[in-house]
Amino acid sequence: MISQKAKYALRALLALADVGVGESVLISDIAERQRIPRKFLEQILLDLKNRGLLSSRRGKNGGYALLRDPNQITVGDVVRIVDGPLAPLPCLSRMAYRRCEDCDGNEDACRIRRVFAEAHRANTDVLDGTTLTQMAGQDISLAADAG
C-alpha cells in the first residue's frame with residue numbers, strides 16, 4: 001500500500017500540473033483545494049523540491065512550481081521519493097537491493113522470488129509508465145486501458 005503522504009504528494013503535484021510548469025501556487029491554496037493539512041504539505045513539498053521536482057519562490061507571486069513537464073514525472077518517481085522502494089522483496093529493489101538470506105546463494109532459482117518478481121514487474125510497469133499528465137486526464141489512454 002502507498003502511504004497517505006504519497007497520495008498527498010500526488011494530489012499536490014496534480015494541482016501544480018493543472019497550472020503548468022513554472023507557474024507558482026501558494027501552499028495555502030494547494031492545502032485548501034486538495035484538503036491536505038498545511039504542515040504536512042510543507043514537508044512533502046520540501047522533499048519534492050529537494051529531489052528536483054519543484055522550485056519555490058517567496059513573495060507576492062511566490063509558492064511552489066513544477067520544474068519538469070508533468071509528462072516527464074511518473075507515479076513511480078513520486079512514490080519512490082516519498083515512500084522509498086517499490087519492491088516487495090529486498091532482492092528485487094533497484095533503490096535498496098539486499099541479497100535475501102533465504103536463497104541459498106542462487107536468487108534465480110528462488111521460487112518465491114520468481115513470483116514476486118513477476119508481480120513487481122507488472123506493478124512497476126504501470127507506475128513507471130503512468131505520468132502526471134495521464135493521471136490528470138490530459139491523456140485518456142490510461143483510463144481507457146483500465147476498462
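Helices (H or I, at least four residues) and strands (E, at least two) are taken here as DSSP runs, numbered from the N terminus. The model is predicted, so local features need pLDDT of at least 70 and side-chain atom pairs count only at pLDDT 80 or more, while totals for chains, interfaces and linings use all residues. Residues are numbered from 1 along each chain as its sequence is written, and side-chain values use heavy atoms, with hydrogens and water left out.

A good place to start is helix α5 (residues 111–128), which contains T124. With a relative accessibility of 11%, T124 is buried (buried is under 20% relative accessible area, exposed over 50%, partly exposed in between; 1.4 Å probe, protein chains only). Leaving aside residues up to four places away in sequence, T124 touches R80, L86 and G129, where contact means heavy atoms within 4.5 Å.

Strand β2 (residues 63–66) includes G63, a buried residue at 10% relative accessible area. Outside the residues up to four places away in sequence, G63 has contacts with S24, V25, L26, S55, S56 and R57. Between the C-alpha atoms of G63 and D83, 20 residues apart along the chain, the separation is 24 Å.

Turning to the aromatic rings, those of Phe, Tyr and Trp (its six-membered ring) pair if their centres lie within 6.5 Å; planes under 30 degrees apart count as stacked, over 60 as edge-to-face and the rest as tilted. One aromatic pair results: Y8 and F40 meet edge-to-face, 5.6 Å centre to centre and with 80° between the planes. Because Y8 lies in helix α1 (residues 4–19) and F40 in helix α3 (residues 38–50), the pair ties together parts that are 32 residues apart in sequence. Y8 is buried at 12% relative accessibility, whereas F40 is partly exposed at 27% relative accessible area.
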